[in-house]
Every structure is written in structure tokens, then in C-alpha cells.
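Visitor: I am new to this structure and would like to learn how to read it, one feature at a time. Could you show it to me before we begin?

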Amino acid sequence: MRRNLVTAAITLALCGAASLASAQTPAEISRAANPPAVRATTQLPHGVKPSHYAIEVTPHADKMAFDGKVKISLDVLEPTSTIVLQAVNMSFANSVLTGASGKKLVPKVSVDAENQTATFAFAAPLAAGSYVLATDYTGVINTQANGLFAIDYDTDAGKQRALYTQFENSDARKFVPSWDEPNFKATFDLTVNAPAAQMAVSNMPVVESKDIGNGLKRVVFQTSPKMSTYLLFLGLGEFDRATDSVDGTEVGVVTPKGKVGQAAGALEASKLVLKEYNDYFGVKYPLPKLDNIAAPGRSQFFSAMENWGAIFTFEYALLVDPKISTIGNVQGIFSIAAHEIAHQWFGDLVTMSWWDDLWLNEGFATWMAARTTAKFHPEWKTELGAVGGREGAMSRDAVATTHPVVQKIETVEQASQAFDAITYSKGGAVIRMLENYVGEDAWREGVRAYMRTHAYGNTVSDDLWSAVQTAAGKPILDIAHDFTLQPGVPLITVDSATCANGNTTLQFTQGEFTKDRPGKTPLRWRVPVVAQAVGGARVDTVVEGGKGSLVVPGCGAVVVNAGQGGYYRTLYGAEQFAAISKGFATLSTMDQLGIMNDTWALGMGGLRSASDYLDLAKNVPADADPAIWSDIAGSLSGLDGYYDGDAKRQAKFRKFALSVLRPAFARIGWNAKADDSAPVQLLRTQLIGTLAGLDDEAVIAEARRRFAAGPDDANAMPPALRNTITGIVAYNADAATWDKLHAMAKAEKTPLIKDSLYSMLSIAKDKALAQRALELALTDEPGATNSAGMIGAVSGSHPDMAFDFALAHREQVDKLVDSTSQARYYPGIGGGSSDKAMIGKLRAYADKYIAPSSRNATETAIANIEYRLKVRETRIPAIDAWLQKHGG
Ligand SMILES: [Zn+2]
């Protein structure tokens with residue numbers, strides 16, 4: 001699954017955004033009696049196992065309900081008088097259990113809504129053996145992306161309703177009564193009775209489609225391979241499909257009717273990636289087809305889902321609309337395809353045994369997507385994104401509420417909260433570090449062996465480590481355990497660097513980097529450390545037991561964590577830092593980025609002066625790599641946020657920030673040049689957004705001038721700038737402008753542009769307009785899947801107002817948020833606040849509405865508010881002093 005950060009992205013460039021936090025805390029569940037030593041985690045009684053489901057569903061889209069029939073082939077392993085499986089919002093009829101002899105038993109069915117189970121009870125214990133459990137049932141069609149859900153959207157021909165399914169992590173039980181846990185793998189036959197004019201898509205190709213009268217057809221899909229329930233998929237609607245073929249597999253993109261022309265990029269990406277992975281994994285993609293299904297709308301939780309053979313992606317992340325798509329969208333399409341197709345192996349073919357090891361899916365897909373995107377598109381320079389991804393993880397990992405990559409998951413809600421920066425980004429960063437440590441070839445051999453051994457099965461993390469260790473002939477288990485079984489960020493302090501005979505001897509101490517526990521006794525890690533002097537060879541060691549040393553060929557500026565493959569921060573002494581600052585321009589862009597990010601985080605954490613970052617930024621030349629300028633723009637925009645509410649000091653800071661950023665923007669300008677690289681194109685939109693956010697009057701005036709020219713004037717509003725310009729106008733809107741944007745949103749027929757306009761309506765700086773956006777979000781007008789995002793977008797500039805509003809309308813808002821996301825939605829809204837009072841509000845909300853085992857997102861939001869208040873109080877004065885000294 002691809003986590004969704006789209007709403008935050010819109011506000012980010014303008015004013016800095018709160019991160020949506022999340023994580024875990026353990027709680028008790030009942031475990032079945034007599035568990036042997038190694039038994040898979042389950043919330044169901046042991047002793048009954050499904051092997052095959054034959055499902056037939058008849059959706060009634062107009063009534064938002066469906067009828068189902070299922071026959072489940074199962075084995076009773078130990079005599080039992082009950083069969084317990086998972087089901088939500090279902091009622092049952094005509095339930096019959098048939099034994100191998102043909103004898104039929106009629107069970108008594110009861111449901112337990114709280115535990116999400118249905119129990120089929122029999123008068124006498126069932127003997128061990130094979131049975132078929134058949135039942136009819138009814139279920140509901142949801143308005144948010146969980147279970148079977150509907151998306152309503154505009155077309156030129158009027159309103160349309162399409163149906164899709166979304167099951168990860170635990171929502172297949174809303175579609176079919178089932179053993180809805182990843183380690184109960186089974187095969188699936190799916191049949192759907194659908195409107196004759198619609199297209200039905202599932203994991204496997206259609207084997208038969210025939211008219212059954214009343215405007216309906218019966219569509220039967222081929223039997224799936226053995227897989228987990230959360231990977232089953234059904235889509236139904238007025239669709240088009242584009243296809244091609246790779247290595248004997250049919251590759252398709254399914255779109256709402258009339259949009260297949262926007263799918264070329266996605267289809268091309270799927271082809272390239274599938275071919276690459278057939279080679280990389282050494283096990284060929286095993287299904288006859290691989291579709292990617294594009295749907296209008298959005299979710300607060302995710303943008304794409306790796307259903308086996310039928311990837312689901314919201315269309316903003318899959319289709320290219322020539323009117324508004326940017327190079328950023330094109331890159332996103334490739335990288336999301338690379339992520340979801342990696343899951344076809346890591347996740348679908350080999351699945352984590354339980355959600356504790358979710359990172360095996362998500363960390364791996366994150367790393368694989370980055371690797372593959374960089375390989376096929378070196379001109380995008382996306383490999384530099386590894387530093388930003390690691391930063392996201394380290395920022396989350398440095399507060400007390402963090403958790404290990406491998407974590408104990410005991411409830412459905414905890415499982416859904418596990419889709420966070422630790423699981424994705426730290427997981428991906430640790431894989432990158434270990435691949436660097438054993439070497440690319442050994443790593444790939446290990447992965448291939450792991451795939452061969454565990455195909456169609458379930459695994460735990462140690463299965464991967466032992467495969468890689470065997471292939472590498474080098475121990476990695478201890479390092480892997482240190483970084484995945486304990487939380488936190490190692491800090492490597494360079495105690496001394498002595499030059500003698502042309503070599504530098506470095507002495508290290510290993511500590512721990514935290515943002516909120518300055519006196520904490522550090523945990524111990526075995527840390528692979530790579531160092532390099534400018535122009536010299538790279539050397540490496542493993543820092544163990546808290547101490548280490550390394551002799552590096554060359555003297556002068558020596559970079560620790562050279563290549564930035566390590567998951568740790570580096571703290572240099574004053575002399576080494578001065579040497580690095582002096583030689584900064586001679587370092588690789590990757591190392592420059594890593595050093596800037598460490599300098600920033602260590603400064604904000606009080607381990608360096610907060611102004612050290614400004615010293616680095618001030619000396620960066622205007623022609624430095626776009627990635628460096630992007631980092632500076634982001635950091636200055638972040639600093640600016642700390643001055644909110646203090647106009648006089650903010651004006652001083654802005655004067656400096658504008659003096660740094662304007663020359664870099666002057667080089668790039670508003671108008672695209674034919675030879676602009678992708679990073680330059682991205683930097684252009686970022687700098688325009690950041691300058692406008694810093695109240696650069698010239699930039700705001702130019703954005704308004706271009707907006708007034710209208711969306712059809714391609715010179716004024718080129719697609720690459722359309723969202724940026726509209727965003728600036730919306731952020732600075734007065735009532736008349738807001739009304740104009742509102743009218744545009746109402747009239748727009750293209751869902752992609754319409755959704756984006758409703759987001760824009762929600763980012764106004766003006767409080768009264770933000771209030772109007774909140775009220776608009778609760779009406780039917782924006783569409784059911786836009787509303788929660790609108791409230792989220794308001795929280796970018798007005799977190800307190802958005803939180804108070806959401807809470808005051810809690811019952812309405814809850815219906816607009818995916819059921820699995822509620823425990824982190826509200827903390828996400830309020831978490832951007834810089835008001836102490838919000839801490840009490842978040843706690844009060846959690847006490848009342850969030851289960852004690854699911855409050856980690858709240859605690860993390862609170863920790864981040866406290867951290868920001870501390871930075872404002874204790875670090876920002878150093879920035880002021882620096883500005884004073886440098887003529888601010
Ligand atoms: Zn994923």
C-alpha cells in the first residue's frame with residue numbers, strides 16, 4: 001500500500017505543514033489455548049483452516065448494499081463444535097456445513113460486532129476432516145475506501161457511480177465472511193452479477209461472462225493462486241482498459257470511460273518495472289495478467305493498493321491529465337507503479353505472517369521503488385530522495401513515542417496505525433544500509449533465495465536475514481536486529497580527527513539522537529560506518545560497544561556516513577565541521593544533503609548551534625544542485641513557521657530568507673526552458689511556492705496576474721505551474737477570489753481538477769474563508785471522499801480552528817474518514833498547532849474516543865507540539881542573534 005500524503009503536499013510548499021503522526025502500543029487479546037512454540041499469531045481460534053473460497057456477489061449500487069453467497073472449503077484439524085471466522089456488518093441465512101460423506105449439518109449463527117467475528121455453532125463436535133461451509137449473506141457498500149465501496153463522480157454525461165474494494169489491513173471481512181488474516185492463505189473463485197453495460201475487474205482474468213436477464217450479466221473470474229484475503233479485489237463500473245504484454249503477462253490499465261488516453265505513462269511504467277522485477281526476483285510474476293485500476297476520489301489513508309494482479313490506484317496518482325500534470329506527477333506515477341509492483345512479490349507472493357512484520361512489505365517496496373526509479377530515470381536524480389526519506393523516519397524515530405521497525409501488533413486498529421514513517425521509510429533506509437553492507441549482488445542473491453523458498457507462504461523478518469546472510473557469507477543478523485528490534489536513531493560523534501602521513505584517524509563514540517530526552521542513556525547498536533576524505537577512497541568499519549575508529553586515506557574535509565547509506569546522525573567537532581564547511585562545494589550532492597540535514601536536526605535538537613545551518617546555506621552558490629536549494633527552501637520555510645504570530649521578528653527573518661532564495665529563483669525564472677532538467681522544473685514550483693509563502697510581493701502579484709489570464713492561457717498558466725499559481729491565489733484569497741474559485745470548482749467536470757480546486761478552497765490564510773471551507777466540507781457538494789481532506793487542508797494554516805470544528809461535528813466527520821484512520825485523523829488535524837492548549841484538547845479527545853491501545857498517534861502529535869514549543873523558545877533566539885550579527 002502506498003501511504004497518502006497528498007493533502008499535506010499542497011500546503012507544504014506554501015506554509016509548512018504538520019506531519020500526520022501514527023504508531024503503536026500493545027494491548028491484550030485472547031490467544032487460543034495450547035499454542036505450540038511456533039504458531040502464527042491469530043485473533044481466531046486455532047484448529048480450523050480454510051483452503052478455498054467460492055464467492056458470488058450481487059451488488060445493488062443504488063441501495064448501497066450487496067448480496068453474497070460463499071462456499072468455503074475448510075479443514076477441521078482438531079475436533080470442535082464451533083467454526084469462528086471474521087465478518088463485519090453482515091447478516092447470514094441458509095448456512096449449511098457439508099462433510100466429506102455428503103452429510104449436511106445446519107449451524108446456529110451468531111455475530112460478535114465488537115470482535116468482528118461470526119460463529120457457526122453445531123450441536124455436537126465436528127470430527128477432524130474436510131468440510132464445505134456454505135452460507136448466504138448480505139453486506140453494505142461503504143462511502144469511504146474500506147470493504148466494498150462506491151465512488152460517485154462527474155462526467156460529461158452526468159453523475160456516475162463505480163464500485164471498488166479495499167481490504168488491507170482487515171476489511172475483507174466486510175466483503176466475505178473469512179479467515180481475514182494474512183497467514184490464512186487460500187485460493188479464491190469470484191463471480192459477480194453485474195449491470196450488463198459495466199466492466200468487472202478482479203485479480204484474475206474473466207473466464208466467462210453471460211447475460212442473465214434484467215440487464216445483468218454473470219461474470220466468472222479464473223481461480224486465484226493461494227493468497228491472503230487482504231489481496232482480493234473487485235472493481236465494477238463504466239471503464240475502459242488499455243493493454244500490452246511483457247514476458248507473456250498481459251499488462252493493463254483500467255480507467256473510467258474516456259480516460260484511457262491518460263494511461264500511457266502508467267502502462268509504460270508497468271511494462272518496464274514488471275520486466276525488471278521478473279529478472280531481479282528470479283521468480284517470474286505468476287499471474288496471467290497485471291492490471292492497474294484508476295479510480296476518481298481519494299482516501300485519507302492511502303493512494304494505491306497492491307491487490308495481486310489488480311493494483312488499485314486513485315487516478316491523481318496514476319493518470320496524466322495534460323491540463324494539470326507536472327513532472328512531479330509523472331515521477332509519482334513511475335514510483336508508485338514500482339512500489340505496488342514490488343509488492344506483487346514482497347507481500348503478495350511471500351507475505352508477512354502477521355502485521356508485526358508489515359515492514360517486510362512496506363520497507364522493501366519503498367526501497368525497491370527508489371532503486372528502480374533511479375535506475376530507469378537517472379535524469380530525475382531521485383536517488384537523492386533517500387536522504388529526505390531517511391529524514392522523515394529519523395524525525396519520527398527521535399521522539400519517545402517511536403517504536404521498533406518490527407513491532408507487536410495486537411489489534412486491527414494497531415495494524416492500521418503501523419502504516420507509518422517507521423515501517424516505510426526507516427524500513428527502506430535499513431534495507432539500503434544492509435544492502436550497502438553486504439553488496440548489491442549478495443543482497444539480490446539472498447532475496448532470490450528467499451522468494452524461491454517462501455513462494456505462496458508466510459514469513460517473519462529472520463527468514464529474510466538468514467537468506468541474505470547465507471548468500472553474503474557475512475554476518476548481518478546482529479546489525480539487522482539492532483536496527484529493527486529496537487527503536488531510535490544512533491548518533492555517531494566524531495571525537496577526534498588527526499592527520500598524519502596523509503591519513504586521517506577518526507575516533508568515534510556512539511550515542512543516541514533524541515529530540516525530547518536529552519539525558520537519555522543511549523541504546524547500543526552495531527553501526528556500519530563509512531567515511532571518506534575529499535577525493536580519497538571510502539573505508540568502512542562497524543562501530544560496536546559504543547566506540548570505534550577508522551583510518552581514512554587523505555586529510556582535510558572527511559565525511560562520515562559518506563554516500564549517506566547509514567541510518568544514523570553524525571556530530572562533528574568544531575574543527576572538522578569548519579573543514580567540511582570550507583570544502584562543502586567539493587562534496588557530492590548526496591553528502592551535501594546529508595550534512596545539511598544533520599546540521600539542521602542537530603541544531604534544532606540543541607547539539608549544535610541552531611544557526612550553523614544558516615552558515616552553510618548562506619555560502620551555497622546560486623548554481624548549486626537543485627536538491628540543495630530545495631532543502632534550503634524547505635528549511636527556511638520551516639523556520640519561518642516558528643515566527644508565526646510575531647510579525648516584527650518574522651519580517652526580519654523573511655528579509656534574510658528572501659535574500660537567500662531570490663537569486664536562486666532568478667536563475668530559474670517563471671518560464672520553462674527547453675533544456676530544464678526535471679529537478680529544475682520541480683525546484684521552480686517549490687521556490688515560487690516558498691517565496692509566496694514568505695510574502696514575496698512580486699511573486700504573489702505575478703501569480704495573480706497569471707491566474708487572471710485564465711486556465712486556457714497556456715503562456716500564463718502552463719500545466720506545470722497551474723496548481724502552484726492557483727494555490728498561491730487561494731492561499732492569499734479575499735472573499736471575491738474565493739467565490740470565483742468556488743464557482744470554478746462547482747463547474748469543473750474533470751474529477752482530478754475538481755478535487756484539486758476543493759483542496760485549494762481549504763488553504764486560505766483568511767480565517768473567515770477557512771471557516772467557509774470547513775462548512776463547505778460538511779455539505780454533499782465536494783463529494784464524499786474530498787471532505788476529510790478539505791478539513792485536513794484547513795489545518796495546514798489553522799490547526800486549532802480545524803480541530804475545534806472537526807470535534808464539534810465529530811459524528812458527521814467520522815463518516816467522512818476511513819474507519820481505520822480515525823485514531824490518527826484527529827491528532828493529524830490538531831498536531832500542527834503551536835498552542836499549548838491543543839495538548840489538553842488532544843488528550844481529552846483521546847480519553848473519550850480512542851481505545852487506550854491506539855493512542856500512540858495522539859501522544860506523538862503531542863510530543864511534536866512540545867518539541868516545536870521548545871524549539872521556538874530555546875533555539876530561535878540563536879537564529880535572531882545570527883541575523884543581527886549578519887546585518888538582519
Ligand atoms: Zn506499499
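Guide: Let us start with the metal site, where a donor is an N, O or S atom within 2.8 Å of the metal. Please keep in mind throughout that this is a predicted model.

Visitor: Which protein atoms are the donors of the zinc ion?

Guide: The zinc ion has as its protein donors M1, through both N and O, together with H339 (NE2), H343 (NE2) and E362 (OE), and these lie 2.0 to 2.3 Å from the ion. Written as a spacing in sequence, the donor residues read M-x337-H-x3-H-x18-E. M1 and H343 thus link distant parts of the chain, for M1 belongs to the segment before β1 (2-3) whereas H343 belongs to helix α3 (residues 327-343), 342 residues apart.

Visitor: Is M1 buried or exposed?

Guide: M1 is buried, because its relative accessible area is 1%, and buried means under 20%. H343 counts as buried as well, at 0% relative accessibility.

Visitor: How many salt bridges does the structure hold, and how should I read one of them?

Guide: The general idea is that side chains of opposite charge can pair when their charged atoms come close. The structure holds 44 salt bridges. One of them joins K259 and E315, whose closest N and O atoms are 2.8 Å apart. This pair connects distant parts of the chain, with K259 in the loop between β18 (249-256) and α2 (264-281) and E315 in the loop between β21 (310-314) and α3, 56 residues apart. Both K259 and E315 are buried.

Visitor: Where in the chain do K408 and D356 lie?

Guide: The side chains of K408 and D356 meet in a salt bridge with an N to O distance of 3.3 Å. K408 lies in the loop between α5 (385-397) and α6 (412-417), while D356 lies in the loop between β22 (351-352) and α4 (358-376), so the pair ties together parts that are 52 residues apart in sequence. K408 is partly exposed, with a relative accessible area of 39%, whereas D356 is buried, with a relative accessible area of 14%.

Visitor: Which residues are linked with R241 in a network of salt bridges?

Guide: R241 is linked with E250, K289 and D291 in such a network. A separate salt bridge to look at is that of D516 with R517, where the closest N and O atoms are 2.9 Å apart. D516 counts as partly exposed at 30% relative accessibility, and R517 is partly exposed with a relative accessible area of 23%.

Visitor: How do I read one side of a helix, and which residues are buried in α21?

Guide: An α-helix has 3.6 residues a turn, so residues three or four places apart point the same way. In helix α21 (residues 767-777), the buried residues are L769, A770, A773, L774, L776 and A777. These residues lie on the same side of α21, because they cover an arc of only 165° around the axis. The buried residues of α21 pack against α19 (735-747), α20 (751-761), α22 (787-797) and α23 (799-808). At the N-terminal end, α21 is capped by D766, which has a side-chain oxygen 3.0 Å from the backbone nitrogen of A768.

Visitor: Which residues does T423 touch?

Guide: T423 lies in helix α7 (residues 421-438) and is buried, with a relative accessible area of 1%. Leaving aside residues up to four places away in sequence, T423 touches L358, W359, E362, G363, H403, Q407 and A418. One of these contacts can be followed to its atoms, since a polar atom of the T423 side chain lies 2.6 Å from the backbone oxygen of A418. E362, which T423 touches, is also among the donors of the zinc ion.

Visitor: How many aromatic pairs does a search of the whole structure find?

Guide: The search finds 45 aromatic pairs. One of them is formed by F167 and F175, which are 5.5 Å apart centre to centre with 40° between the planes, an arrangement that is tilted. F167 and F175 are both buried. An aromatic cluster is formed by F149, Y164, F233, F239, F301, F302, F312, F314, Y316, F419 and Y424.

How values were computed:
Residues numbered from 1 in each chain as written. Predicted model: local features only at pLDDT ≥ 70, side-chain atom pairs only at ≥ 80, totals over all residues. Heavy atoms only, no water. Donors = N, O, S within 2.8 Å, 3.2 Å for Na, K, Ca; no water. Helix = DSSP H or I, 4+ residues; strand = E, 2+ residues; numbered from the N terminus. Buried < 20%, exposed > 50% of the residue type's maximum accessible area, 1.4 Å probe, protein only. Salt bridge = Lys/Arg side-chain N within 4 Å of Asp/Glu carboxyl O. Arc of directions from axis to C-beta. Contact = heavy atoms within 4.5 Å. Polar contact = N/O pair within 3.5 Å; in protein donor to acceptor, adjacent residues only side chain to side chain. Phe/Tyr/Trp six-rings, centres within 6.5 Å; stacked < 30°, edge-to-face > 60°.
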